[in-house]
Amino acid sequence: MATIHATAVVDAEASLADDVSIGPFCVVGGAVSLGPGTRLESHVVVDGDTTVGGGCHIFPFASIGLRPQDLKYAGEASRLIIGDGNTIREHVTMNPGTEGGGRSEEHTSELQSRRNLLCRLLLEKKNDIIRLHADVIPAFSRYFIYFSS
């Protein structure tokens, strides 16, 4: 049976594997599916049409699967799929795809298993606006990110 902290709010319609662990002050929506061995630390929100694979570890204050931030989003059905074995660190926001981006044929964003890909994040500062870019790169490549002001 899933381990759910007393302060967590989990919709009765959510699909939880038997060995899922949900920490304090987490919120899990009704259209969410959490795979076996997935662990949510405290203060994680997972909502929308979102599937999180098995063996994932999501750290505090992550916001997963909420309404897309794309300004072209017009309320169309969209979903987020996260594969097995991914680690999602503190304060990460992951939104589903939209008609204007993502996997447009299904309006789906997909993060595959760590065995298949890694994600490289780059920060770009122009005119005092910081933008975050993500590129999918083959596994077993090593990249380092340096931050400077």
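Let's start at histidine 91, which is exposed, with a relative accessible area of 58%; exposed means over 50%, buried under 20%, and partly exposed in between, using a 1.4 Å probe and protein chains only. Histidine 91 sits in the loop between strand S13 (87-88) and S14, and its phi is near 65°, a positive value in a residue other than glycine. Most residues other than glycine have a negative phi.

A quick word on what you're looking at: this is a predicted model, where local features need pLDDT of at least 70, side-chain atom pairs count only at pLDDT 80 or more, and totals for chains, interfaces and linings use all residues. Residues are numbered from 1 along each chain as its sequence is written, and side-chain values use heavy atoms, leaving out hydrogens and water.

Now meet histidine 43, in the loop between strand S7 (39-40) and strand S8 (45-46). Its phi is positive too, about 60°, but histidine 43 is partly exposed, at 32% relative accessible area.

And proline 96? That one is in the loop between strand S14 (93-94) and strand S15 (108-111), and it counts as buried at 9% relative accessibility. Its C-alpha atom is 7.3 Å from that of leucine 66, 30 residues away along the chain.

Stepping back, the protein has zero helices and 17 strands; these are DSSP runs numbered from the N terminus, with helices (H or I) needing at least four residues and strands (E) at least two. Of its 149 residues, 35% are buried.

Thanks, everyone!
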